[in-house]
Structures are given as C-alpha cells and as structure tokens.
Amino acid sequence: MESQPLITIKNVSFRYPNQNDLALKDVSLDVRKGEWLAIVGHNGSGKSTLAKMLNGLHFPEKGEITICGFDLTEENVWEIRKQVGMVFQNPDNQFVGTTVEDDVAFGLENNGIDFDTMVTRVKESLHSVGMDHFLNQEPHHLSGGQKQRVAIAGILALQPEIILLDEATSMLDPRGREEVIHTIKQLKSEKDLTVISITHDLEEAAKADRIIILNGGKVYKEGIPNEIFLLDEELVSLGLDIPFPVKLSKHLQEKGFAISHNHLTEEELVKDLWTLNFKI
C-alpha cells in the first residue's frame with residue numbers, strides 16, 4: 001500500500017518580481033512519507049525556486065501547496081518550517097556557533113527547548129551523523145563533508161518530518177559528497193525520514209527512490225532512477241550529465257559484454273563484472 005503524500009503541490013506557478021517569464025509553470029507533484037525524492041534540472045530549470053517554496057521563502061502566484069497537513073500561507077509558514085529542515089549549498093555559511101555543540105544547540109535554543117532535553121538531542125543527533133567525537137571542535141577545523149553532517153545534525157535535533165537538501169553536496173569534494181549521501185541514506189533507513197534532494201548531480205539522484213526532472217519551470221519527466229536513466233542522451237540535451245556507472249554499463253553493452261542492465265552505482269557494476277568473469 002502506497003504511503004500518503006506529506007507534500008502536495010497542485011498547479012503551482014511562480015514569477016519573480018519584474019520578470020516576464022514564470023520561474024515555475026503549472027507544477028504538480030506529490031512527496032510521499034518515507035521516500036527519498038530527487039528533483040533535478042539544469043540552472044534555471046526552477047528547482048531552486050521550488051526548494052525555497054517548500055520552506056516558505058516564496059509563495060505561489062497560482063496553485064496550492066500543502067505540507068504536513070498545512071496549506072502554505074503567511075499564517076502557516078512557521079508551522080511548515082518546523083516540519084521542513086533545510087541544508088543549504090555552502091557549509092561555511094551555515095555555522096552560527098563557535099563549536100559543533102553550540103551550532104547544533106542554536107536552533108533548539110531558539111525554539112525554547114529546555115536545557116536537559118537540548119543536551120540529549122544535541123548528543124543523539126551528532127551521534128546519528130557520526131560527529132559525536134567533535135563536540136568541542138571549532139568549525140574551521142572541519143572538512144566540508146563534516147560541516148554538512150553537522151548541519152544535518154542541527155536539523156535532526158529539531159525533529160522535522162522532512163529534510164530538504166538544496167544542492168547540499170555541490171560544493172564538496174568527492175569524499176565529502178560520499179560522506180553526506182551515505183549519512184542521508186542511513187538516516188532515512190533508521191529514522192524513516194522523508195528526504196528531498198534538489199540537485200543537478202545525477203549520481204546523487206541515483207540514490208533516491210524517485211526522480212523528477214524540471215525543465216523550463218515545468219515537470220519534464222518522473223520515474224524511478226532506472227527509468228530516468230533510460231532517457232540517456234535526452235538527459236544530456238537537458239544539460240544533465242549521466243552518472244559514470246550508467247555510461248560505462250552502456251559502453252560495455254555496446255562492446256558485447258553481457259551486462260544485465262544499466263548500473264546506478266559502481267558497486268553494482270563491479271559485482272556484475274565479477275560474476276561475468278566467473279562465467280567466462
């Protein structure tokens with residue numbers, strides 16, 4: 001049985017001030033409880049506008065948005081922000097505390113959480129992202145991936161229903177990206193979180209349960225990763241780069257190797273090649 005939508009977006013359009021063209025054009029989509037949804041598109045596709053709307057930073061010019069049972073309105077915006085925790089692009093711009101512990105506690109203090117509860121939540125959330133040994137560390141001593149994991153801990157401490165990653169891995173090196181994606185994947189499994197990734201990186205999107213492609217402010221395609229990557233060169237024409245394991249799988253198939261399907265991860269591809277080697 002399919003879970004109920006936590007977010008419903010219905011026929012939403014949005015235009016920035018002094019702009020003739022719409023940034024979003026009649027967009028409709030649902031986000032289901034417990035799923036990882038990746039929303040992908042090139043620069044200017046509308047994905048960042050949609051991310052800001054999901055956190056109440058923009059309001060629709062037309063259409064309706066419902067998040068965790070609340071309609072997106074000026075009256076409900078603070079309730080909605082309690083339900084949606086946002087991790088931004090640049091980890092250096094998110095730190096407000098002088099130590100890791102202070103930073104994670106900041107949002108709890110602003111929400112009037114009592115001291116004992118705050119101490120417990122800080123420790124538990126940092127443990128969840130593998131950063132509990134860095135409590136007294138100063139932010140500038142951390143790597144980019146570690147900073148983003150602390151940012152995720154700060155959100156977990158607030159106990160939202162949804163984590164929204166707005167290009168949260170785009171400024172990280174490969175190791176930092178892998179740290180953050182692994183952390184999110186683990187947290188989603190352990191805590192039944194709903195995750196939305198706003199990204200142009202299809203290797204990150206490949207980890208999601210479902211992908212929606214935005215193009216020109218509209219929903220262009222929707223499907224599970226395997227379905228989306230069958231679009232192949234069509235994705236390239238949209239300004240999106242196909243993940244390396246998918247490219248290599250296709251190339252090996254063209255060369256006559258009996259690869260079973262396009263692989264979304266290097267691990268899947270290596271396993272298939274290893275099995276093929278034994279058959280040969």
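**Exercise 1. Burial and surface**

Task: State what share of the 280 residues of the protein counts as buried, and how much accessible surface the protein has.

Solution: Of the 280 residues, 49% are classed as buried, the cut-off being under 20% relative accessible area. The model is a predicted one. Next, take the surface: the accessible area is about 14500 Å². Carbon and sulfur atoms contribute 49% of that area.

**Exercise 2. Overall dimensions**

Task: Decide why the radius of gyration of the protein agrees with that of a compact globule.

Solution: Start with the expected value: for 280 residues, a compact globule would have a radius of gyration near 19 Å. The protein has 20 Å, so the two agree. Then add the extents: the C-alpha trace spans about 65 × 50 × 40 Å along the principal axes.

**Exercise 3. Elements and contacts**

Task: Find how many helices and strands the protein contains, and what percentage of contacts with a separation of 6 or more joins residues 24 or more positions apart.

Solution: The protein contains 11 helices and 10 strands. Among contacts with a separation of 6 or more, 62% are between residues 24 or more positions apart.

**Exercise 4. One helix pair**

Task: Describe how helix 3 and helix 5 pack, and which residues meet.

Solution: Begin with geometry. Helix 3 covers residues 100–110 and helix 5 residues 144–157; their axes lie 8 Å apart at an angle of about 35°. The crossing is right-handed. Now list the residues. Helix 3 supplies Val-100, Asp-103, Val-104 and Leu-108, which meet Val-150, Ala-153, Gly-154 and Ala-157 of helix 5. Sorted by type, the residues of this contact are six nonpolar, one polar and one charged.

How values were computed:
Residues numbered from 1 in each chain as written. Predicted model: local features only at pLDDT ≥ 70, side-chain atom pairs only at ≥ 80, totals over all residues. Heavy atoms only, no water. Axes fitted to C-alpha atoms, helices over the stretch in contact; angles between N-to-C directions. Helix = DSSP H or I, 4+ residues; strand = E, 2+ residues; numbered from the N terminus. Left-handed = near helix turned anticlockwise from the far one by under 90°. Contact = heavy atoms within 4.5 Å. Nonpolar A, V, L, I, M, F, W, Y, C, P; charged D, E, K, R; others polar. Rg over C-alpha atoms; globule rule 2.2 N^0.38 Å. Buried < 20%, exposed > 50% of the residue type's maximum accessible area, 1.4 Å probe, protein only. Areas by Shrake-Rupley, 256 points an atom, 1.4 Å probe, with all protein chains shown as cover.
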